[in-house]
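Grab a pencil and work through these short exercises with the structure open beside you. Try each task before you read its solution.

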Amino acid sequence: MLHHWTPTARVVSPRPSGPASTEGGARPAALLRGEFTMRAAVRSAQLLVTALGVYELELNGTVVGDHVLAPGWTSYRHRHRYQSFDVTALVREGGNAWGAHLADGWYRGLLGFNGGTRDIYGEHTGLLAELRIEYTDGSADTVATGDGWRWSPGPVRAAGLYEGEEYDARREQAGFSEPGFDDSAWQPVEVLEFDTGVLFPADSPPVRRTEHLAPVSVTTSPTGRTILDFGQNLVGRLRIRVRGEDGHTVTLRHAEVLQDGELCTRPLRHATATDRYALRGDPAGEEWEPRFTFHGFRYAEVEGWPGELDPADITAVVLHSDLRRTGWFSCSDDSLNRLHENVVWGMRGNFVDVPTDCPQRDERLGWTGDVQVFAPTAAFLYDVRDFLRSWLRDLAADQGDDERHVPPVFSPDIPVITPVPIPPGNPPMAGWCDAAVIVPWVLYARYGDTEVLRAQYPSMRAWVDAVDGIAGPERIWGEGFQFGDWLDPTAPADDPGRAMTSSTLVATAYFAHSARLLARTAEVLENAEVLENKSDSARYHALADAVRDAFLARFRAGGGRLTEETQTAYALALCFRLLEDDADRAEAGRRLAGLVAERGHRIGTGFLGTPLVCDALTDTGHVDTAYRLLTQRSSPSWLRQVDMGATTVWERWDSMLPDGNVNPGEMTSFNHYALGAVADWIHRTVAGLAPAEPGYRRLLVRPRPGGGLTWARAEHDTPHGRAEIGWSREGGTLHVDVLVPPDVTATVDLPGTEPVEIGPGRHSFWTPFPAIAR
């Protein structure tokens, strides 16, 4: 891609004696500043800025922009993002100053499991910034970071994404970003060498403050601690207003759940998630919000509050990538509405510059498997086209570092010491590495984005070719360690990968699926005349056929039956169309429905089977069974979590046990969106709104009411405009209202009727439909 900034600026760093950490913990943030003169009246001023670390920049005493944790997290060695701001209103003729707070962030802060790793991308933080100024007389200047800048320790005594932030308001240096500030006690910066060839302009929405929540209650725990409940598991941090003596410290701890009435921090593992604020003693009161950290929490414990705590003095500030909302769902069942809200909040909390697995513990990585299964849901709820395209560029860049062209299991890729015995190196992982193929295809299907297919095609092809080489002529693979159907409900607390479905079946099914999607991608690109090799589609269709045949030879017991009698096995075989004969599919659907019934209509799938099982049932005529699975309230089920007070989707079906204790396993997050991928089926089947062609050029309106629902509706802002569906049941009649966007047609397929084609505008339909049993 083109790099629009070849800076004259240099990276300035608080070296060689920059702020040091204490006992290997989170490091302090530094202050940096410089001054410059505008020699005439200013017509325009553009700021280009990035950091080795995370920054907040000020110009003449005013914070520039509203971004949080900028420049965000990318695969820095390949792609280092910078931001652009119009700062014309902030500069003036004569003397000016600019300054920044600079902290470790993802660049050199603590990342990963089991104590984590620091300095992954570099040992030193730095700031790179340039002002491009155009004067009213037509002349121009450039002002840049470099020699002459100075630095000082600041009020942030420690800042880490996992650890939290410690802030001493007595160390604030008021006016440090204004001209004339006395920085004689500050030290000169050191200029660092930096490869500007990795710079690229911001290509994804920034993280911003998107909402503020007040506490819904303040209670005293059994041990006498003050605990605030914000009523919603969220991602962000607290903003406090406080008045007290100079040096008095307020401590804020965060957690997603309580256990025995106390803050339960064990699921955070090594993430201490603690913020501390030392007051400066201002009699008018003080306000503070951390700059360089975020937490996943519903509950906050407050220690050391001076005087009586007024709940109005503490607010939760919600943070996430500022994506545009595009999809909504509601129905007559409040529990399903809550489940859907849980999915939305889980997405909001985990789309923090990269699509993370969880936002609270010592992990928060861009796991490929999670976003692979959730991408269709994400693309309905929010406009994620730029967000996921940016992440895919990082994934492809990291994949290019592997000699076998295997994508990493998370991107940006970092070294970690995992709590499960993953083989060394970059092991190929079915369902996770397949994100390199599946996520681009989802973006094409939902946005009509041919360009993402063109850009990602080398990465997609490289992964399928890598698996082809690993599987060999038998086309079967997956031996050895695989994540497989991760965290299926039978997995023991200490062995999350022990699933009912073999990793060999899962891996081979995904091999066939990715090969087929790659073949279809090649067809699209060949038709668009942007693919040089015109034989790729035929080649990969043939490969997909061969893998399908190998799958059936190994795993088909006869007809539509499989050798592995699990919900996930049948869901994969049906949804990936490894069983294509109508009779075989019908028999497989009957067996899947039987397996679901045998478990009391409770879920029997993990990360990879869960997104598919309701579709597999629906596609084979068992929509009522799918509804019973969706609306089941016994554990394991989606609504069991809702009944237990969940406000986001859990990592484990039993993250919280029936007795109110937290699951003892290492993998026990209360905000993990993977199992919330069922929302895509809810949108397409419960409400009945789906794309019939890429980019919603045609709609499929196909509601399948059930589960005792009396009404449902969905709305989605397609690339062509707003699409809506709403249906209601009254007596023996189904009433359906549809809005089709301009230049779009729709196929309306209602139960018991022949499909009809309609054009743009509003349409209403009535059809006989069995009354709900009372």
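A salt bridge here is a side-chain nitrogen of Lys or Arg within 4 Å of a carboxyl oxygen of Asp or Glu. By that rule, the structure holds 72 salt bridges. You're looking at a predicted model, where local features need pLDDT of at least 70 and side-chain atom pairs count only at pLDDT 80 or more, while totals for chains, interfaces and linings use all residues. Residues are numbered from 1 along each chain as its sequence is written, and side-chain values use heavy atoms, with hydrogens and water left out.

**Exercise 1.** Find which parts of the chain the salt bridge between Asp-246 and Arg-170 ties together.

*Solution.* Start with the contact: the two side chains meet at 3.7 Å, N to O. Next, place each residue. Asp-246 is in the loop between β18 (226-242) and β19 (249-255), and Arg-170 is in the loop between β12 (164-168) and β13 (187-188), so the pair ties together parts 76 residues apart in sequence. (Strands are DSSP runs of E, at least two residues, and helices are runs of H or I, at least four, numbered from the N terminus.)

**Exercise 2.** Decide whether Arg-269 and Glu-363 are buried or exposed.

*Solution.* First, the cut-offs: buried means under 20% relative accessible area, exposed over 50%, and partly exposed in between, using a 1.4 Å probe and protein chains only. Arg-269 and Glu-363 form a salt bridge of 2.9 Å, N to O. Their positions are 94 residues apart. Both turn out to be buried.

**Exercise 3.** Do the same for Asp-449 and Arg-389, which also form a salt bridge.

*Solution.* The closest N and O atoms are 3.1 Å apart. Asp-449 sits in the loop between α5 (435-447) and α6 (450-471), while Arg-389 belongs to helix α4 (residues 385-399), so this pair ties together parts 60 residues apart in sequence. Now check the areas: Asp-449 has 6% and is buried, and Arg-389, at 15%, counts as buried too.

**Exercise 4.** Work out which strands stand at the edges of the open five-stranded sheet.

*Solution.* Write down the order, β26-β33-β34-β35-β38, with antiparallel pairing. Two strands pair if DSSP finds at least two bridges between them. Then look at the ends: β26 (327-331) and β38 (761-768) each have a single partner strand, so one side of each is left without a neighbour in the sheet. Finally, zoom in on β38: eight bridges join it to β35 (residues 733-740), and Leu-734 stands opposite Thr-767 in β38.
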